[in-house]
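Please walk through the structure shown here, beginning with one strand and its partners.

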Amino acid sequence: QVQLVESGGGLVQAGGSLRLSCAASRLTAMAWFRQVEGEEREFVAAISWNGVITYYADSVKGRFTISRVQTSVYLQIHSLKPEDTATYYCAAPESLYYTGARSPADFGSWGQGTQVIVSS
């Protein structure tokens, strides 16, 4: 398993920006998910271990950017909307050969989550 620690959440006004960070204990592909209480965890974005390949949910393309520097992964969010309010989780896949899986079941390591609240 990979140890993951997120940071960077907070309260932001709609239209603002935020950068979430996730520090991993080793180099691996990583992803961001988000979850609203009472709803299923939703895939947001992912990045390959070397940062070359990125994946995005259609709902966030153009506003979210995933990037990494070695074992730290970042999620830059622009033009925040109230519907972006959620707890954001960093995750690492079970497989060493990540090819874009988006189901939470494909990820074996999870951070504790960081809350993002967007006020209108």
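**Strand 4 and its surroundings**

In this predicted model, Ala31 has Ala91 in strand 9 as its bridge partner. The two strands involved, strand 4 (30-35) and strand 9 (residues 86-93), run antiparallel and are joined by five bridges.

Strand 4 also pairs with strand 5 (residues 42-47), again in the antiparallel sense and over five bridges. Within this pairing, Arg34 stands opposite Glu42 of strand 5. The two strands form a hairpin, with six residues between them. Gly38 lies in the turn and has a positive phi of about 90°. Of the six residues of strand 4, five are buried, so the strand is largely enclosed by the rest of the structure.

Ahead of strand 4 comes a loop that connects strand 3 (18-24) to it, and Thr28 is located in that loop. Is Thr28 buried or exposed? Its relative accessible area is 8%, and because the cut-off for buried is under 20%, Thr28 counts as buried. Leaving aside residues up to four places away in sequence, Thr28 touches Val2, Trp49, Arg68, Ala92 and Pro93.

Strand 3 and strand 9 are also tied by a covalent link. The structure holds one disulfide, formed by Cys22 and Cys90, whose sulfur atoms are 2.1 Å apart. This pair links distant parts of the chain, with Cys22 in strand 3 and Cys90 in strand 9, 68 residues apart. The link is left-handed, with -85° about the S-S bond. Cys22 and Cys90 are both buried.

Conventions: Residues numbered from 1 in each chain as written. Predicted model: local features only at pLDDT ≥ 70, side-chain atom pairs only at ≥ 80, totals over all residues. Heavy atoms only, no water. Helix = DSSP H or I, 4+ residues; strand = E, 2+ residues; numbered from the N terminus. Buried < 20%, exposed > 50% of the residue type's maximum accessible area, 1.4 Å probe, protein only. Contact = heavy atoms within 4.5 Å. Pairing = 2+ DSSP bridges. Disulfide = S-S within 2.5 Å.
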